[in-house]
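I opened this entry to look up two things: the empty space inside the protein and the surroundings of the ligand. My notes follow in the order I checked them.

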Amino acid sequence: MTGRDAPFLRACRREPVPFTPVWLMRQAGRYTPEYRALRARHAFLELCKTPDLACEVTLQPVARLGVDAAILFADILLVLEPLGVGLEFARGDGPRILRPVQSADDVLRLKPVAVEEVLRFVFETVREVRRALGGRVPLIGFAGAPFTLASYLIEGGASREFLRTKRFMRAERPAWHSLMATLADMTSDYLNGQIAAGADAVQLFDSWVGALSPADYREFVLPHSRAAIGRLRPDVPVIHFGTGTATLLPLMKEAGGHVIGLDWRVEIEATWDRLGHDVAVQGNLDPAVLLSDPAEIRREARAILDAVAGRPGHIFNLGHGIHQETPVDHVRVLVDAVHEMSAR
Ligand code: CP3
């Protein structure tokens with residue numbers, strides 16, 4: 001079972017599958033001892049930039065967890081570093097942009113980036129992973145969507161309210177659209193590079209776009225996400241993902257993607273009906289459920305599978321990344337439960 005017939009890729013195309021494929025965001029995360037062991041010896045950016053190590057981290061969870069796809073080990077913020085804004089992953093408090101974008105002039109000062117060259121290490125990792133996987137499971141590449149990338153550039157790091165970003169959008173409309181167009185170009189070059197290197201599918205992470213109203217999404221985001229997705233090779237499945245997006249999902253579908261990511265704040269069945277079954281869906285377990293006992297994890301997985309009722313085009317996933325306190329055994333319980341309970 002290799003290539004286009006892998007259940008994960010069939011599900012992306014809404015074809016019938018023998019069981020519901022499952023993969024998990026942040027499967028390379030800090031909850032596994034083998035990742036922590038590597039991290040004790042290498043900084044996060046060093047792991048990302050060393051293809052042998054990034055390949056090793058990518059493969060770690062595949063055997064241990066029995067997931068149906070591998071997700072590349074990298075980060076959505078890697079594309080921002082070559083812009084000259086200073087990117088740091090400080091231990092404990094997440095990513096930081098040292099020279100955030102604060103004005104229209106700052107947008108003009110961003111260095112032009114030839115993604116194919118500066119992110120060569122990522123493409124090398126993709127090639128290595130593909131060789132090492134030997135067709136066992138497909139490889140998912142990924143990138144940040146323009147809005148989520150812009151929010152890091154403008155906020156300088158994580159944010160709750162995205163006030164600087166929202167102020168910038170309105171106060172500096174032309175500069176905002178020019179920044180978003182640049183990020184959209186970089187995103188599609190980056191994803192096409194991963195596809196050329198062997199990624200079987202790609203996920204576009206618009207993790208924080210749920211902070212916006214539908215009207216703002218339409219004006220400030222949709223044209224750019226659509227442009228980024230529209231330039232991708234059409235035969236490669238695209239998963240379009242965000243969180244807190246209940247009211248934005250139809251617009252995200254309009255922007256593009258073969259699969260739409262759903263978080264746990266929506267009911268999977270009603271939401272899929274509303275979106276239309278001409279698109280596949282991915283989700284939507286609350287990652288916090290993995291902190292409960294195995295019986296509870298199985299019950300929650302069952303509830304999602306029952307709601308979907310075997311319709312082709314469902315990929316099982318969490319609604320967001322795994323929390324670092326998650327016991328690894330619980331993750332395995334989930335993957336096994338989904339496979340067992342969905343077997344047809
Ligand atoms: O799913 C995977 O494990 C694949 C690799 C991957 C990472 N980041 C590795 C990582 C992926 C797909 C991402 C995407 C990413 N990165 C997103 C979108 C997904 C999401 O979670 O919404 C975002 C917003 C980022 C930015 C980022 N990178 C943040 C906010 C953090 C810090 C988180 C924290 O809790 O401190 C990172 C660091 C990061 N990226 C880690 C990993 C495994 C942890 C790094 C470490 O070892 O300390």
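**Cavity lining**

I listed the residues that line the largest cavity: Val17, Thr20, Val308, Gly310, Arg311, Pro312, Gly313, His314 and Arg344. I kept in mind that this is a predicted model. I then sorted the lining by class. It divides into three nonpolar, four polar and two charged residues. I looked up the volume next. The largest cavity has about 30 Å³. I also searched the whole structure for cavities of 30 Å³ or more, and the search finds one.

**Ligand site**

Where does the ligand sit? I found the ligand in the largest pocket. I counted its neighbours: 24 residues surround the ligand. The closest are Arg26, Tyr35, Asp75, Ser207 and His320. I classed this shell too. Around the ligand there are 16 nonpolar residues, with four polar and four charged ones.

**Polar contacts**

Which ligand atom does the side chain of aspartate 75 approach? I found a nitrogen atom of the ligand 2.6 Å from an N or O atom in the aspartate 75 side chain. I checked tyrosine 35 next. A polar atom of the tyrosine 35 side chain lies 2.6 Å from a ligand oxygen atom. Histidine 320 was my last check here. An N or O atom of the histidine 320 side chain is 2.6 Å from an oxygen atom of the ligand.

I closed with the ligand surface. Taken alone, the ligand exposes 870 Å². The protein buries 88% of that area.

Technical notes. Residues numbered from 1 in each chain as written. Predicted model: local features only at pLDDT ≥ 70, side-chain atom pairs only at ≥ 80, totals over all residues. Heavy atoms only, no water. Near = heavy atom within 4 Å. Polar contact = N/O pair within 3.5 Å; in protein donor to acceptor, adjacent residues only side chain to side chain. Areas by Shrake-Rupley, 256 points an atom, 1.4 Å probe, with all protein chains shown as cover. 1 Å grid on protein atoms, 1.4 Å probe; cavity = no way out; pocket = protein on both sides within 12 Å on 5 of 7 lines; lining within 4 Å. Sits in = over half its atoms within 2 Å of the grid points. Nonpolar A, V, L, I, M, F, W, Y, C, P; charged D, E, K, R; others polar. Points joined across faces, edges and corners; volume = space filled by probe spheres on them.
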